[in-house]
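Q: Could you take me on a close look at one part of this model, starting from a single residue and working outwards? I would like to see how the pieces around it fit together.

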Amino acid sequence: MIIISCSEESETPTDKENGGTSVSEIVAMSFNVRNSGGDTGEHSWDNRKAACLEMIDSIHPALIGMQEVRPDQKTYFDENLTDYIIVGVARDGSGSGTEYSSVCFRSDIFSMQNYGTFWLSETPDLMSKGWDGACYRICTWVNLRIKITNKEIYFLNTHLDHKGTEAQEQGLLLIKERIKSIAGDDACVILTGDFNMKPDNANIVNFATYMHNLRDQFVDGKYYNAATYNGWEASGSIIDYIWYRNLTLSSYEVINGMYGGVTYISDHFPIIGKFELQ
């Protein structure tokens, strides 16, 4: 089993410092990168993209679930995140305006056993828009093996609809159903994403009976009430999550610092959970 550290600081060197030869912890990140269309000036993608890379490089997470990745951003990450294998398909056929819910994993830590994508809709195996959703929505998943231990993890990443209340409810129910069919009840599972719902939303509360919410394990922590969506401002709301099953504990952090001289690398702050291997 993977044991998760409840401490916020590890006394052992990180796997990056060890050149990837020793892995003491697995860090999972959820990051809505803010799509590259529409923003200008300091919030434009060209102004933010190097800072996004600096943030990722400084943390060097083992797993990243990205949301709102447009094709030009996908190309940028494909070319620059050379330590990672990036998996995902476009959610629809709208060309440069489509988005990916990309899964990124460190190739020095994991080997991929299987992968797939399903749409959050009544026909999940076909490109389709679900229920009252405003957009096409997808969930990308991978089955990974940790090279040094041969243990397996299922890692999923999604982006729930921002308007359709039925799409939110049914989308979460579908994700639960697919986790059961893809991974089973006993597997180690991590789910990241922008859920577009606050913690007191009934759908989030109900989903917490199936998977553990990292944030809820640290109600006295400094990041418990920290916003994950900032809207390019100092205040915001909590709508981004990392969930897990069959893992014992975790640490939780909102990455709200400045990188590359850019105050906001996205209109969402990345969040991370640290999983210690024993």
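A: Happy to. Let's start at G171, which, if we set aside neighbours within four places in sequence, is in contact with L120, W131, L160 and E166. Please keep in mind that this is a predicted model. One of those contacts, L160, is 11 residues from G171 in sequence, and the two C-alpha atoms are 7.0 Å apart in space. G171 itself is buried, because its relative accessible area is 0%, and residues under 20% count as buried.

Now step back to the element that carries this glycine. G171 is found in helix α3, which spans residues 165–182. Helix α3 lies across four strands: β5, β6, β7 (152–159) and β8 (188–194). Relative to β5, the helix runs at about 140°.

Those four strands bring us to the sheet. They belong to an open sheet of 6 strands, in the order β5-β6-β7-β8-β10-β9, and the pairing is mixed. At its edges are β5 (110–119) and β9 (212–213), each of which pairs on one side only. For β5, the partner is β6 (residues 138–146), and the two pair in the antiparallel sense over 9 bridges. In one of the pairs, W119 has I138 in β6 as its bridge partner. As a reminder, strands of a sheet pair through backbone hydrogen bonds, either parallel or antiparallel.

You may be wondering about the cysteines here. The count of disulfides comes to 0. C139 is in no disulfide, as the nearest cysteine sulfur, that of C104, is 14 Å away. The cut-off is 2.5 Å between the sulfur atoms. C139 is buried, because its relative accessible area is 0%. As for C188, its sulfur is 17 Å from the closest cysteine sulfur, the one in C139, so the two are too far apart for a bond. C188 also counts as buried, because its relative accessibility is 12%.

For another view of how a helix is buried in this model, turn to α2 (residues 71–80), where Q73, Y76 and F77 are buried. These residues cover an arc of only 95° around the axis, so they sit on the same side of α2. Among the elements that cover the buried residues of α2 are α1 (45–59), β2 (63–67) and β3 (84–87).

To return to where we began: G171 is a buried residue of helix α3, and that helix lies across β5, β6, β7 and β8.

Notes. Residues numbered from 1 in each chain as written. Predicted model: local features only at pLDDT ≥ 70, side-chain atom pairs only at ≥ 80, totals over all residues. Heavy atoms only, no water. Pairing = 2+ DSSP bridges. Contact = heavy atoms within 4.5 Å. Axes fitted to C-alpha atoms, helices over the stretch in contact; angles between N-to-C directions. Buried < 20%, exposed > 50% of the residue type's maximum accessible area, 1.4 Å probe, protein only. Arc of directions from axis to C-beta.
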